[in-house]
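User: Could you pick one part of this fold and take a close look at it for me? I'd like a connected walk through its surroundings rather than a list.

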Amino acid sequence: MKKHVLPLRALCLLLALLMLSALLCACGSPSEPKIEENKGEHAATYPYVVHMKYATWYLSADDIALLGEDAFYEGLYAILENQEQDFADAREALKGHIDSEVPPVEIRTDFCGKAGISETAGAVYNEHRNFIKLFGGWDVASFALLHEYVHYLTLHCTQQTASHGFFAEGIANYISMIACKNRMARSVNCAVPEEDLAFYMSKGAWDESEDCLDPQKLYFGTAAQYSLGGMIGDEYFSVKDIFETYTEETLQNPDIWTVSHFEAASIMAWLVETYGGDTVLQNLGAAPEDFEAVYGLPFSEAYQKWFVWSMDKCAELGLSVGVD
């Protein structure tokens, strides 16, 4: 069999290209985040750091050991593909209501769950120490991170800080899951277990064009299910950030302190459409008890008006809601 031999000139060119490729790989792609040694505080716990435009990531040594280097960095790079654009979207949605200069937020991983709050939260923004901490692994982080970033923006980077409860949780859920695309959450189907995706697809919450669960549809549809009594008897996370049981009393007498995060997001969308985004954002600092003073009607009445709007919204989005 005759051998095919490369001409000497072509061989030299090929070797030169290979050497250039190796050099570029060694230097790293211009768009690829650079992992650096942490030479600052807490270096023993967080030996590596990644500097992005809108965030500074601190990577836990214990988390790297827990997941293994390959899995840890694969998850990190996947979330970083979307984090900057998602953060930019949130800043744009809040433009004019947050500081003109917003420092990068500090993000720490804690997949080992060393913080006590990791037992009930997938992520948390610590407003007292001003950092976001991620629990539960990369899928949970991808779903929860934009929500926590909105907390950072509305609790730390504005003169009009959101009051705790309905307004803080409502705006964080509304901006992250309804107003913004949230590519991070989409990339992991909102951290919904694989076995449950068929159910959400059957209810119309799937984005056919991107082949993923649509966060906006998920939140509008789930909020409607709460208001229709579909969650009675279930444990849920209220805007008080505690787990409660959804009862008939909860349904019949909606209270601004006991609505779910899903309902708060959808009600916030109704408030924005009804009263305007500026009005809503300018009154985030109001105490929940002052809802009527701001909007001219008690929360229970607003809830009923929202309910009618919510049913129309779900129909508009092609969502199938109702108690089976």
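Analyst: One convention before we start: helices (H or I, at least four residues) and strands (E, at least two) are DSSP runs, numbered from the N terminus. Keep in mind too that this is a predicted model.

With those labels, let's begin at S60, which sits in the loop between β3 and α2 (61-67). Is S60 buried or exposed? Buried means under 20% relative accessible area, and S60 has 5%, so S60 counts as buried. Leaving aside residues up to four places away in sequence, S60 touches T45, Y46, P47 and T109.

From S60 we can step back into β3, which covers residues 55-59. This strand runs parallel to β4 (residues 105-109), and four bridges join the two. Within that pairing, Y58 stands opposite R108 of β4.

Now zoom out to the sheet these two belong to. Six strands make up an open sheet with mixed pairing, in the order β1-β2-β3-β4-β6-β5. At its edges are β1 (35-37) and β5 (123-126), each of which pairs on one side only. Direction ignored, neighbouring strands here are turned by 25 degrees against each other on average.

Next, the helices that pack on this sheet. Helix α3 (residues 69-93) touches β1, β2 (48-51), β3 and β4, and its direction makes about 165 degrees with that of β3. Helix α4 packs on the sheet as well, with contacts to β3, β4, β5 and β6 (131-134). The direction of α4 makes about 20 degrees with that of β5.

How do α3 and α4 sit relative to each other? Their axes are 10 Å apart and the packing angle is about 30 degrees. Angles under 35 degrees count as roughly parallel, and α3 and α4 are therefore roughly parallel to each other. The crossing of α3 past α4 is right-handed. On the α3 side, the contact includes A71, F72, G75, L76 and I79, while W138, A141, S142, L145 and L146 are among the α4 residues that meet that helix. By class, the residues of this contact divide into 13 nonpolar, three polar and two charged.

Helix α4 (residues 138-156) has another packing partner too: α5 sits with its axis 8 Å from that of α4, at an angle of about 125 degrees. That makes α4 and α5 oblique to each other, because an angle has to be over 145 degrees to count as roughly antiparallel, and 65 to 115 is the roughly perpendicular range. This crossing is right-handed. From α4, the residues involved are F143, L146, H147, V150, H151 and T154, and their partners in α5 include A168, I171, A172 and I175. The class count for the contact of α4 with α5 is eight nonpolar, five polar and one charged.

Following the chain on from α5 (166-179), N182 is found in the loop before α6 (183-187). Its phi is near 60 degrees, a positive value in a residue other than glycine. N182 is also buried, with a relative accessible area of 0%.

For a backbone comparison elsewhere, try D241 in the loop between β9 (235-237) and β10 (243-245). D241 has a phi near 60 degrees, again positive in a non-glycine residue. What about its exposure? D241 is partly exposed, with a relative accessible area of 36%.

Key
Residues numbered from 1 in each chain as written. Predicted model: local features only at pLDDT ≥ 70, side-chain atom pairs only at ≥ 80, totals over all residues. Heavy atoms only, no water. Buried < 20%, exposed > 50% of the residue type's maximum accessible area, 1.4 Å probe, protein only. Axes fitted to C-alpha atoms, helices over the stretch in contact; angles between N-to-C directions. Left-handed = near helix turned anticlockwise from the far one by under 90°. Contact = heavy atoms within 4.5 Å. Nonpolar A, V, L, I, M, F, W, Y, C, P; charged D, E, K, R; others polar. Pairing = 2+ DSSP bridges.
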